[in-house]
Amino acid sequence: MARKITLWVAILLLLLIGLAPVISMFAKSLFVAGELSLGNYETLFQSEREWILLSNSFLLAGSVTFITLLLGVPLGTLFSKTDLPFKKIFIILFVIPLIIPSYILATAWFYFLGRSGIVAQILGANVGIFTSRFLFGFSGVLFVMVSTLLPIVIILVMTYLRMVNPKLEEAAKLSATWPVVLREISIPIIIPGICLAGLIVFILTLGEIGVPSSLRFDVFPVESFIQFSAFYNFNAATAAAIPLGVITLIILIIERLFLRKKVFQFRVTKDPMIIIPLGEKKPLFFAAVATLAFIIAIIPLCVLLIKSLSISAYHEALTRSIDSIFRSLLYAAIGATCLTVLGFFLGYLLERKAFRFTYAVDSIAILLFALPGTVIGIGLISLWNTRATNMIYASVAIIIFGYIAQYTALGERIMAATFSQIPRSMEEAAQIVGVGWFRRLFGILIPLAKRGIASIWLVGFIFCLRDLGITMMVYPPAHDTLPVRIFTLMANSPEEVIAALCMILILITLLPLSALSLIIKNKRQKI
Amino acid sequence: MIVKMDHIFKSYDKIPAVNGISLHIEKGERVVILGPSGCGKTTLLRMIAGFVSPDKGTIEIDGLVVAKNGRSLVEPENRKIGMVFQDLALWPHKSVHGNLEFGLRAKKIPKNERNKRIDEMLVKTQMIPFKNNFPGELSGGQQQRIALARALIMEPKILLMDEPLSNLDIDLNLLLRKEVLELQEELGITMLYVTHDRDEAFSLATRVVVMQHGNIQKIGNADEVTKFLSELPVNKKT
Ligand SMILES: Nc1ncnc2c1ncn2[C@@H]1O[C@H](COP(=O)(O)OP(=O)(O)OP(=O)(O)O)[C@@H](O)[C@H]1O
Ligand SMILES: [Mg+2]
């Protein structure tokens, strides 16, 4: 009974904090001046501009997906299946752009390729005009988004390849060379994983506002943000947010219907995976991967580092934003803690299939994760911006609600994976001798799951810390976080101060990341 | 002489898995390696196939030195070897036809010859009706036949089988043993078969190799090996 109540509370929290805002927003958008009407949508779709924005969004998301898959599948394969030297360092380098807010990456590239950027200073103003033309617009956004989202494909491809039964590859290797084996056996078997990666990249690109707005490529989500922040036209903002929500929903339904069925039976084998010797081609592959890592990770990091390389810049950066640095850390810590608690119970629910509608809860969490931050942000405002709930709307709670709404799926899935490693019998053994739910919880489940719990907390911390989409929509006055502060300071602050702020943000994100990699490493050694 | 192994050693983390084995296999023989779990049977097969290179010793296949002095000289795909794995390792995303076709295509065999050979092989294994099915749609015994067909269609110099029947119930095990024997005799193929089941070993082998702790303890025909095993000081189950 106690167990049931706890799980119900977790579900209700997810529904109230995550789903209710989205539904409320949708419901309100159907009313104009108190009457049921499609007026908001009519205005939206009458303007030609919206259609252009929508097609821009799809063009961008499609191109980013295509290119990340094109690069990410071979890279993931090289990292997981071959004897490429310095693999671990490369993986870390490729992952860095994902964990820092993407618009910071865009800023770094602006300092490098902009009209008066580093390249222009070295090679002359004409080159600067050329590079800045590349950067501002479709090509630049495409480039920055690819470097941000590439690690998602790399990591998923690596994970799925590791799950393929090595005997399948050996059986093929008896008559074919490695390139043929990879092309015809290994890669086709992990197609569900590749599709999943493509889907995530597509959805994340569709909802992105930071990079397109800093590199001035007009896309759909920016529209609802502008309607809201520049014109205070809440109805228009809502109407502009809904199509994104609907598109996301359609994509997820397609995934549930088609991709799920295609999942092959993976065997978790103890057989060691075969590592393919690259042989004579090793230097070639190494050079290619190193070049890419240099372009994608090292250049932007170095640009920020060089730009910010003065004590006065850091001093100025700290005086301007020390308050928001502390707020960022505090809010991310609160957010991560909430995500951990909620993720713990929802993950338990998902893994143990405690209720019949477990999968519905999971689908809601996934939908919320996939929705663009702006959509959730507008939903939260539409639900909580009333006199009665001003307590929440005008406080940090609204930001935390946003984190919970968007990132619960992460915690839920990590915990579900953790619980799948803990045999049900351990809990049942205690239950049989009459140990109650809370005793079991604190005496058995939490101690056994502590690695998973630590992982969600850190992952949650990183995601809350880098969040821009939701926070920027909902933060009450004097509650801005560091990413928001940087975003607002960007227009009228010296470049070295912005660069210093970016470096500070990167450093505080790298701390939990290194803690996380330590946890993962220890886990491997234990097995 | 199809396979010649001389003084083969292989250790994992300084613990020997195969400890100085020499074994010669003649054309058309059915050699069965019999031994308890962990004695190094799979390691030995994987060295012949080329997935593991021996630390020491020489392996020759059909007159070609494929591994010597701790180095693998010939890639698995160029060793002309067929293998049936314990868990079969049928490719789940390819149909029965696709599973049989893969190796032939990799060896650049023209399409009409490929189809001819596939059909012949499916007739031999009575699997023609399942040509377009996927492995997941077949029963255990049918999957076993496809795994065997996939190995044989490449016309290997030697067929390696690593406990291919150990996951089957006893009736199916007996039936497939018979089929393996029939196919082997029809094609005159050389076979190296690994098992820990004495009965299976004696019913299939022209020669039985008893292995223990990475060493060969006895080589002989069924009668000789039965005698050897019964005379062991402690008649442990192998
Ligand atoms: N890749 C590996 N890494 C480390 N040790 C290994 C590896 N492969 C085999 N071994 C060890 O080598 C020894 C022989 O293993 P092998 O798989 O050849 O035995 P086997 O006779 O096939 O056993 P079974 O009947 O259980 O299949 C075992 O002690 C095993 O633990
Ligand atoms: Mg074995």
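1. A residue is taken as near a molecule or strand if one of its heavy atoms lies within 4 Å of it. On that basis, the surroundings of ligand 1 consist of Pro272(A), Tyr12(B), Ala17(B), Pro36(B), Ser37(B), Gly38(B), Cys39(B), Gly40(B), Lys41(B), Thr42(B), Thr43(B) and Glu163(B). Because residues from chains A and B surround ligand 1, the site is shared between chains.

2. The structure is a predicted model, in which local features need pLDDT of at least 70 and side-chain atom pairs count only at pLDDT 80 or more, while totals for chains, interfaces and linings use all residues. Residues are numbered from 1 along each chain as its sequence is written, chains are lettered from A and ligands numbered from 1 in the order in which they are written, and side-chain values use heavy atoms, with hydrogens and water left out.

3. Polar contacts of ligand 1 come next (a polar contact is a pair of N or O atoms within 3.5 Å; within protein, one must be able to donate a hydrogen and the other to accept it, and residues adjacent in sequence count only if both atoms are side-chain atoms). Ser37(B) places a polar side-chain atom 2.5 Å from an oxygen atom of the ligand, and a polar side-chain atom of Thr43(B) likewise lies 2.5 Å from a ligand oxygen atom. Gly38(B) contributes a polar backbone atom, 2.7 Å from an oxygen atom of ligand 1.

4. Helix α9 (residues 166-173) of chain A is largely enclosed by the rest of the structure, because eight of its eight residues are buried. Buried means under 20% relative accessible area, exposed over 50%, and partly exposed in between (1.4 Å probe, protein chains only); helices (H or I, at least four residues) and strands (E, at least two) are DSSP runs, numbered from the N terminus. The buried residues of α9(A) include the charged residues Lys167(A), Glu169(A), Glu170(A) and Lys173(A). Their cover includes α3 (48-81) and α10 (178-189) of chain A, together with α1 (41-49), α2 and α4 of chain B, where contact means heavy atoms within 4.5 Å. At the start of α9(A), a side-chain oxygen of Asn165(A) comes within 3.0 Å of the backbone nitrogen of Lys167(A).

5. A search of the whole structure finds four cavities of 30 Å³ or more, a cavity being a set of points, on a 1 Å grid over the protein atoms alone, where a 1.4 Å probe fits but cannot get out. The largest has a volume of about 130 Å³, a volume being the space filled by probe spheres set on the points. Its lining comprises 14 residues (those with an atom within 4 Å of a point); Ala171(A), Ser175(A), Arg150(B), Ala151(B) and Met154(B) lie nearest the centre. The elements giving two or more residues to this lining are β7 (81-84), α2 (96-106) and α4 (140-152) of chain B. By class, the lining has nine nonpolar residues, four polar and one charged (Ala, Val, Leu, Ile, Met, Phe, Trp, Tyr, Cys and Pro count as nonpolar, Asp, Glu, Lys and Arg as charged, and the others, Gly among them, as polar).

6. Two non-glycine residues of chain B deserve a check of backbone geometry. Lys14(B), in the loop between β1 (3-12) and β2 (15-25), has a positive phi near 70° and is exposed, with a relative accessible area of 82%. Glu155(B), in the loop between α4 and β8 (158-162), has a positive phi of about 50° and is exposed at 58% relative accessibility.

Conventions: On a 1 Å grid over the protein atoms alone, a cavity is a set of points where a 1.4 Å probe fits but cannot get out, and a pocket is an open set with protein on both sides within 12 Å along at least five of seven lines; lining residues have an atom within 4 Å of a point.
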